[in-house]
Amino acid sequence: MNEATGEVVQMTFFEDETLQRAKVRYDWNPFPGRHVNIPKELGAKLYAKGSGYTQKDRDIFLFYCVASPDGAEPLRLTYKEIASMVGGRPDTISKSLGKLHAGGLLLKAETIGKVIFYRLNPRAGYDGPAAKQVEAVKDARLPVIPVPTATTKEAS
């Protein structure tokens, strides 16, 4: 408030706030940077007994949350590369990815040869501006917990 005139004044912290706002990242020291929005209810269901997801499945889902690029881009890592980072064998990673995909937590993004690249379902977790998430969820299916028992490779 301007005490001389009584006028309420909005403070601005940037020269052009509309341009700068997109560049601002959270600064939670000692780990500043990007943050992923994950629905708490979905997370609770994922960790609940009887969810159908194993600890390895949850580890891989969390890995996708923190390792995926901004927005709805796929994580372009092979099963072998993921296995070397989270532990386990490539065939175990493949089974977990299939289960996470069947449940809708991960969506098939692209296939190159025999390699399938998945992306995080924006309804399960999203890294990016809220306006872009609104667009990203328009064609995304809802995640399912407990995991469906019959997993299909072509579900998307």
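This passage walks through the predicted model, from its overall make-up to a handful of individual side chains.

The secondary structure of this predicted protein consists of six helices and two strands. Read from the N terminus, the elements follow the order α-α-α-α-α-β-β-α, with strand β1 spanning residues 106-112 and β2 spanning 115-120. Of the 156 residues in the protein, 29% are buried. Among contacts between residues at least 6 apart in sequence, 56% join residues at least 24 apart.

How confident is the predictor, on average, in this protein? The mean pLDDT is 82, and 79% of the residues score at least 70. Residues 151-156 deserve a word of their own, for here pLDDT stays under 50. The model nonetheless has eleven contacts beyond four places in sequence for this stretch.

Charged side chains are a good place to begin a closer look. Side chains of opposite charge can pair when their charged atoms come close. The structure holds six salt bridges, among them a set that links Glu73, Arg76 and Glu110 in a network. Which residues does Arg76 pair with in this network? One partner is Glu73, with the closest N and O atoms 3.8 Å apart. The other is Glu110, for which the closest N and O atoms are 2.7 Å apart. Glu110 belongs to strand β1, whereas Arg76 sits in the loop between α3 and α4 (79-86), so this salt bridge ties together parts of the protein that are 34 residues apart in sequence.

The members of the network can also be placed by their accessibility. Glu73 has a relative accessibility of 41% and is therefore partly exposed. Arg76, at 44%, counts as partly exposed, and Glu110 is partly exposed with a relative accessible area of 25%. Another salt bridge joins the side chains of Asp91 and Arg89, at 2.7 Å from N to O. Here Asp91 is partly exposed, with a relative accessibility of 35%, while Arg89 reaches 53% and counts as exposed.

Arg58 tells another story. This residue is found in helix α3, which covers residues 55-67. Is Arg58 buried or exposed? Arg58 is buried, and yet has no salt bridge. The nearest side chain of opposite charge is that of Asp59, 6.5 Å away, whereas a salt bridge requires a nitrogen and a carboxyl oxygen within 4 Å. What the side chain of Arg58 does have is a polar contact of 3.2 Å with the side chain of Gln55. Beyond its neighbours within four places in sequence, Arg58 is in contact with Leu46, Tyr47, Ser51 and Tyr53.

Helix α3 spans residues 55-67, and Phe63 and Tyr64 supply the next feature, an aromatic pair. A pair of aromatic rings is described by the distance of the centres and the angle of the planes. The count for the structure comes to one aromatic pair. In this pair the ring centres of Phe63 and Tyr64 are 6.5 Å apart and the planes stand at 80 degrees, so the arrangement is edge-to-face, the class used for angles over 60 degrees. Phe63 is buried, with a relative accessible area of 12%, and Tyr64 is buried with a relative accessibility of 1%.

A second arginine worth following is Arg123, which lies in the loop between β2 and α6. Its relative accessibility is 31%, so Arg123 counts as partly exposed. Which backbone atoms does the side chain of Arg123 reach? The side chain comes to 3.0 Å from the backbone oxygen of Val137, and one of its polar atoms lies 2.7 Å from the backbone oxygen of Ala140. Leaving aside neighbours within four places in sequence, the contacts of Arg123 include Pro39, Leu42, Arg141, Leu142 and Pro143 as well as Val137 and Ala140. Arg123 and Lys138 are 15 residues apart in sequence, and their C-alpha atoms are 9.5 Å apart in space.

Finally, a detail of the backbone is found in the segment after α6 (130-136), where Pro146 has its place. The peptide bond from Ile145 to Pro146 is cis, with omega near 10 degrees.

Terms used: Residues are numbered from 1 along each chain as its sequence is written. Side-chain values use heavy atoms; hydrogens and water are left out. Rings of Phe, Tyr and Trp (its six-membered ring) pair if their centres lie within 6.5 Å; planes under 30 degrees apart count as stacked, over 60 as edge-to-face and the rest as tilted. Buried means under 20% relative accessible area, exposed over 50%, partly exposed in between (1.4 Å probe, protein chains only). Helices (H or I, at least four residues) and strands (E, at least two) are DSSP runs, numbered from the N terminus. Lys and Arg count as positive and Asp and Glu as negative; His and the chain ends are not counted. A polar contact is a pair of N or O atoms within 3.5 Å; within protein, one must be able to donate a hydrogen and the other to accept it, and residues adjacent in sequence count only if both atoms are side-chain atoms. Contact means heavy atoms within 4.5 Å. pLDDT is the predictor's confidence in each residue, from 0 to 100.
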